[in-house]
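Here are a few exercises to work through with the model open beside you. Try each task before you read its solution.

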Amino acid sequence: MRIPIYQVDAFTSELFSGNPAAVCLLDDWLDDSRLQAVAAENNLSETAFLLKCDKGFDIRWFTPTTEVALCGHATLASAFVIFSCLEWPEDIVCFQSLRSGVLPVTRKDELLEMDFPARPPSRQSAPGRLTDALNHSPLEVLGTAEDLLVVLEDERAVRELNPDFPLLMQIERRGTIVSARGDQCDFVSRFFAPHVGIHEDPVTGSAHCVLIPYWAERLGRRKLHALQVSGRGGELFCEDRGYRVAIAGKAVLYLEGTVTI
């Protein structure tokens, strides 16, 4: 079996930055163990698998170790492949996901704008040893059912953070989002997810489902400009729409080939 595969750097216009994702185009669904094996072999933070359907494309996302409910950068990468490589004739494509519903992506000049569910965080007590795990004291701790949101005092603190990953593994959440006001943008963030096989994700669209409602309320405006300040870095253009959020970015093709299994 030969499967078309693309590797795309998402949330950037420059190669070797942003977040790389693999996109695999299927004729039929493979069994879960085979999908997981392909994702592990790709060894990227996410591999998206797409299957054409009546209303667009069914989509599933896998890290090297597990399937996840939602992935922003691999959805952006998938939309880029459909628009730029498959010559999709319309300016909107809809992805159908089992665990996150319908996810439309709209082409707006050089930006691809995703429409995702909002996940507003609520304030909560810091888990035990969080300060030790981050080697830093938080100003504020919030959370959702999946992720923690840890707010620090400034962008420099976010950039210089050096987590203790064995301790971070003891916090029972999918991931830990760390964020602060930005120096040259509205807010910055980093995302750590050792529970799903990713120590640090370069740019995390799904984390912005949490970040956008928080910063929109705190800053008092709906449209926001964000940077994820990992080593590779990425840029996101965001909007709070109540129950939904818009997350837009650019993408660039790195690789096109075939998986043979």
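**Exercise 1. A helix and its cover**

Task: Compare the reach of helix α2 with the expected span, then decide how it sits in the structure.

Solution. Start with the length: in this predicted model, α2 covers residues 72–85, which makes 14 residues. At 1.5 Å a residue, 20 Å is expected, and the distance from the first C-alpha to the last is 19 Å, close to that value.

Next, look at burial, where the cut-off is under 20% relative accessible area. Since 12 of the 14 residues of α2 are buried, the helix is largely enclosed by the rest of the structure. The buried set includes Gly72, His73, Phe80 and Phe83.

Finally, step past the end of the helix: Glu87, just after α2, has a positive phi of about 55°.

**Exercise 2. Helix α6 and the loop before it**

Task: Are Val203 and Thr204 buried or exposed, and what do they touch?

Solution. First place them. Thr204 belongs to the loop between β14 (198–201) and α6 (208–219), and Val203 is in the loop between β14 and α6.

Now apply the 20% cut-off. Val203 has 0% relative accessibility, so it counts as buried. Thr204, at 4%, is buried too.

Then list the contacts, leaving out neighbours up to four places away in sequence. Thr204 touches Phe191 and Gln228. For Val203 the contacts include Ala10, Phe11, His73, Gln228 and Leu236. Gln228 therefore appears in both lists, with contact meaning heavy atoms within 4.5 Å. His73 links back to Exercise 1, as one of the buried residues of α2. For a distance across the sequence, take Val203 and Leu70: they are 133 residues apart along the chain, and their C-alpha atoms are separated by 14 Å.

To finish, follow the chain into α6. This helix is mostly covered, with 10 of its 12 residues buried; among them are His208, Cys209, Trp215 and Leu219. Gly220, just after α6, takes a positive phi of about 75°.

**Exercise 3. Two loop residues with positive phi**

Task: Where do Phe16 and Asp109 lie, and are they buried or exposed?

Solution. Take Phe16 to begin with. Its phi is near 70°, a positive value in a residue other than glycine. Phe16 sits in the loop between β1 (2–10) and β2 (19–26). With 58% relative accessibility, Phe16 passes the 50% cut-off and so counts as exposed.

Turn to Asp109, which is not a glycine either, yet has a positive phi of about 55°. The loop that holds Asp109 runs between β7 (101–108) and β8 (111–117). Asp109 has a relative accessible area of 77%, so it is exposed.

**Exercise 4. The chain as a whole**

Task: Check the radius of gyration of the protein chain against a compact globule, then add the overall picture.

Solution. For 261 residues, a compact globule would have a radius of gyration near 18 Å; the chain has 18 Å, so the two agree. The C-alpha trace spans about 50 × 35 × 30 Å along its principal axes.

Inside that outline are six helices and 18 strands, and 59% of the residues count as buried. Of the contacts between residues at least 6 apart in sequence, 61% join residues at least 24 apart.

Close with the surface and the charges. About 11500 Å² is exposed, 47% of it supplied by carbon and sulfur atoms. There are 25 positive and 37 negative side chains, and the centres of the two sets lie 3 Å apart.

Definitions and conventions
Residues are numbered from 1 along each chain as its sequence is written. This is a predicted model: local features need pLDDT of at least 70, side-chain atom pairs count only at pLDDT 80 or more; totals for chains, interfaces and linings use all residues. Side-chain values use heavy atoms; hydrogens and water are left out. Helices (H or I, at least four residues) and strands (E, at least two) are DSSP runs, numbered from the N terminus. The radius of gyration is taken over C-alpha atoms; the globule rule is 2.2 Å times the number of residues to the power 0.38. Buried means under 20% relative accessible area, exposed over 50%, partly exposed in between (1.4 Å probe, protein chains only). Accessible areas come from the Shrake-Rupley method with a 1.4 Å probe; for residues, only the protein chains shown count as cover. Lys and Arg count as positive and Asp and Glu as negative; His and the chain ends are not counted. The place of a charge is taken as NZ of Lys, CZ of Arg, CG of Asp or CD of Glu. The expected span of a helix is 1.5 Å times one less than its number of residues.
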